[in-house]
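Work through the exercises below with the model open. Try each task before you read its solution.

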Amino acid sequence: MKPYLLILFFICSLTAFAQPSGVDSVTLPKQPVVIVGGNLIDVETGKVREKVSVLIENEIIKTIGKNVTIPAGATVVDAKGKWLIPGLIDSHIHLFQSGGLYTRPDGINLTKYRLYETERQWLRDAMSDLLRRYLASGITTVIDIGGPLYQLPYRDRFNKQYTSPTIIMTGPLVSTYQPPAFKVEDSPILKAGTPEEARELVRKQLAAKPDFIKIWFLIRGVSQTGEELIPVVQEAIDETHKNGLKLAIHTQELLAAKLGVKYGADFLVHSPEDGVMDEELIGLMKKNKVTFGPTMVVNRGISRFFSDTRKPTLYEFLQANPYVLGTLYDIKHLPEPELRKRYEGLLTSPAYQTRAARIDSIKRVNLRKVMDAGLNVVVGTDAGNPGTFHGTSFIDEVKAMQAAGMSTIDLLRAATINGARIFGKEGQMGSLTEGKQANLVILTQNPLVNIDAITSVETVVNRGYVTTPAQLLPNAPADLAQRQLNAYNARNVDAFLEPYAEDVEIYEFPDKLRYKGKETMRKQYGTMFEQTKSLHCELVNRIVVGSTVIDHERVTVGADKEPVEAVAIYKIANGKIKQVYFTR
């Protein structure tokens, strides 16, 4: 029997979308915490308090000043030369969606390759991992804008864990339309055909104690004028307010936005894409004190993977869930040539490019109009939609908002205190103030100079618990193997080499040394990535034994060539890939 067959004999049929590694939740340390000597950015005033210390006790910021007494037994964190900002708030996420290729069967139905229930189960199992990725990105609060009822008990559980951001959550979307793909048990979207049905859908959620209610208000494709839908929307809003909750409304249509705000919506979670907001709508939003989350980037999230113009950054390769990111390259090997051709043709067409550019322009104009009106603007990513990753997409949204003309201090406000204001929580979180919850991020760079600095997270303090991105996202062997596979498929040599040790050894199985060292590897793969545009590796099976990862791979090196079957054995030591053995 050939060597690779001996190896394959032991490979079990695990899916490429493997379970993520996990870390146990922790309890709050008993001792106080003192952050020493940092430059604190007051997001409310825009001023910087230089070289101050922050004393934290029992999850609360007790003292901020230059001469803070360090209690006996306190955990001391040196922040000299660093920048202190409040914990960030992502005001629009969906934990019932992974961000991967299979998570929206109502848009791209690939359930014959991955059952939707398999995707839903993975999300339940992986929720802890996704939440840690928010925390590693400096995000200490997330607002989940709609999903199945099963998520609300998860919210309660994770809100007791210090390795999770605080979750503010609603249940299923009360909708004027239900996609057929979501006609499942415990659906994330439930249609209300009458005012009575809308009222009952709101009431059914109340037992699970949602933090707010959301309406999915679509007119286009459902109604000519939206007139017959108004009683449904109005009843849902009235029932929500009657029970002391605020209401978020999803619409990307100008007319629906105007109607929703007119009848009492508190939070407009998307920008209209079909027209510029007029003075009537802006006036209604000011009168009703409506919060605005423009969601600038989500509509481009998946499309660029089909057209091969979406290039994940090193930050995404390192901190996005590697299995989710990896699914977005599956389209290269799934037997769906017509699907690929249709999307690639559509997304590279002049008509699509013109329409996409127009939508981006409308969003920027709308954001500027809302800012000029002095309304409450927040950063919300809509993460979980395909190509919009949990945690790492936050910086993309912030930079898109900056491109609309927002200053760095306005961006920091939108990313912190403004998010707290949506549901009246600005007295508890959103700024670094004595008496507020101890949610704090230590950055190595100044975000007032360059907003990219919000990704330079060195330390996160979450309700008084001190942690780091490295502690939250340890390098499990399978994660390292998956990260280098993702970068291989993206032909990104820097991201590909990152999981490898400097003195990595590459062998031909079983023991023939081919070469050694990351720089030699860079030359080998850098040339291949540059010259082989159709390069793609499909993970067929994977088995992990301790610190060894064995991958059965199917590699395509040219459109006119048959794929090559191979086995790669990755040996991990000290958090890096130390040796690789190849055979085929």
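Two strands pair if DSSP finds at least two bridges between them. Helices (H or I, at least four residues) and strands (E, at least two) are DSSP runs, numbered from the N terminus. This is a predicted model, where local features need pLDDT of at least 70 and side-chain atom pairs count only at pLDDT 80 or more, while totals for chains, interfaces and linings use all residues. Residues are numbered from 1 along each chain as its sequence is written, and side-chain values use heavy atoms, with hydrogens and water left out.

**Exercise 1. Place strand 11 among its partners.**

Task: find how many bridges join strand 11 to strand 12, and in which sense the two run.

Solution.
- Start with strand 12 (residues 247-250): four bridges join strand 12 to strand 11, and the two run parallel.
- Fix the register: I213 stands opposite L247 in strand 12.
- Turn to strand 9 (residues 173-175), which pairs with strand 11 over two bridges, also in the parallel sense.
- Here V174 stands opposite I215 of strand 11.

**Exercise 2. Judge the two faces of strand 11.**

Task: are the side chains of strand 11 (residues 213-216) buried or exposed?

Solution.
- Recall the rule: in a regular strand the side chains alternate between the two faces of the sheet.
- Apply the cut-offs: buried means under 20% relative accessible area, exposed over 50%, partly exposed in between (1.4 Å probe, protein chains only).
- I213 and I215 lie on one side, K214 and W216 on the other, and all are buried.
- Both faces of strand 11 are thus covered.

**Exercise 3. Trace the aromatic contacts of F529.**

Task: which aromatic pairs does F529 form with Y488 and F496?

Solution.
- Set the criteria: rings of Phe, Tyr and Trp (its six-membered ring) pair if their centres lie within 6.5 Å; planes under 30 degrees apart count as stacked, over 60 as edge-to-face and the rest as tilted.
- The structure holds 13 aromatic pairs.
- Y488 and F529 are edge-to-face, at 5.6 Å centre to centre and 85 degrees between the planes.
- Y488 lies in helix 17 (residues 477-490) and F529 in helix 19 (residues 518-531), so this pair ties together parts 41 residues apart in sequence.
- F496 and F529 are edge-to-face too, at 5.5 Å and 85 degrees.
- F496 lies in helix 18 (residues 493-497) and F529 in helix 19, so this pair ties together parts 33 residues apart in sequence.
- Check burial: F496 has 1% relative accessibility and counts as buried; F529, at 4%, is buried as well.
- Widen the view: Y488, F496, Y500, Y525 and F529 form one aromatic cluster.
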